[in-house]
Amino acid sequence: MKEIIGGVAVVLTFLSYIPYFKDILKGKTHPHIYSWILWGLLTIIIFALQISDNAGPGAFVTLFAGLMCLTVVILSLKYGKRDIVFSDKVVFVLTLVAIGLWLIAKQPVLSIILVTIADILAFIPTVRKSWNKPHTETLSLYVTNTLRFILILFALNTYTLLTALWVVVWIVANALFSTMLIVRRKQIFILS
């Protein structure tokens, strides 16, 4: 059963990125390059951590998501906009520091905590950009991501801090970000 849930989550991951890629190519969505570089790197790291703790089929969704993040980076290099401010650079450096601490931590639980913190820090530039320009993100990706992470949670073989922390944090982060996009779009519509 967990293999089926994991398979559904992989398909959902693929399907959720199709509109995102289309919106990037149309110039409608403007991914923040810092967020996506860090997410790609961190998601691949988290995949390795999950595999090391017998996460099972849920971990393969993480690998596929990491590859999708790296595809967004490639598209962003050609089609993205450079909406980078000083705070984005600070977050980028802090995220790299967290990754560096992870590399020397040598403790799996501490590692997943550091990598999860780094991953959430990497979200800050996208949140900042999207607060000001909520239509520059494809809402369906984040709504679908919420569902995908819920499926990943059910597809895990073992439930430990190491296998589940990152997944639970991203359920909450994607749900809150989706809500923020909806609210900000309505506020901007009312003001215009």
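## Contacts around Tyr 142

Contact here means heavy atoms within 4.5 Å. By that yardstick, and skipping residues up to four places away in sequence, Tyr 142 touches quite a list: Tyr 20, Trp 36, Trp 39, Phe 123, Thr 126, Glu 137, Asn 174, Phe 177, Ser 178 and Leu 181. Keep in mind that this is a predicted model.

## The core

Tyr 142 also belongs to the largest nonpolar core, a set of 48 residues. Together with Tyr 17, Trp 36 and Trp 39, Tyr 142 touches the most other members. Helices H1 (2-26), H2 (33-52), H3 (57-79), H4 (86-105), H5 (108-132), H6 (139-155) and H7 (161-191) each give two or more residues to this core.

## A buried loop residue

Thr 138 sits in the loop between H5 and H6. Its relative accessibility is 6%, and the cut-off for buried is under 20%, so Thr 138 counts as buried. Setting aside neighbours within four places in sequence, Thr 138 is in contact with Pro 19, Tyr 20, Asp 23 and Thr 29. Tyr 20 turns up among the contacts of Tyr 142 as well.

## Out on the surface

Val 93, Val 97, Leu 101, Leu 103 and Ile 104 make a nonpolar surface patch of about 460 Å². One of them, Leu 103, lies in helix H4. Leu 103 counts as partly exposed because its relative accessibility is 48%.

## How far to trust it

The protein chain has a mean pLDDT of 87, with 98% of its residues at 70 or more. Confidence is highest in H7, at a mean of 93, and lowest in H4, at 84. Where pLDDT is low, predicted coordinates shouldn't be read in detail.

Technical notes. Residues are numbered from 1 along each chain as its sequence is written. This is a predicted model: local features need pLDDT of at least 70, side-chain atom pairs count only at pLDDT 80 or more; totals for chains, interfaces and linings use all residues. Side-chain values use heavy atoms; hydrogens and water are left out. A nonpolar core is a set of buried Ala, Val, Leu, Ile, Met, Phe, Trp, Tyr and Cys residues joined through side-chain atoms within 4.5 Å. Buried means under 20% relative accessible area, exposed over 50%, partly exposed in between (1.4 Å probe, protein chains only). Helices (H or I, at least four residues) and strands (E, at least two) are DSSP runs, numbered from the N terminus. Patches are made of residues with over 30% relative accessible area and no salt bridge: like charges are joined within 9 Å, nonpolar side chains (Val, Leu, Ile, Met, Phe, Trp, Tyr) within 5 Å. Accessible areas come from the Shrake-Rupley method with a 1.4 Å probe; for residues, only the protein chains shown count as cover. A salt bridge is a side-chain nitrogen of Lys or Arg within 4 Å of a carboxyl oxygen of Asp or Glu. pLDDT is the predictor's confidence in each residue, from 0 to 100.
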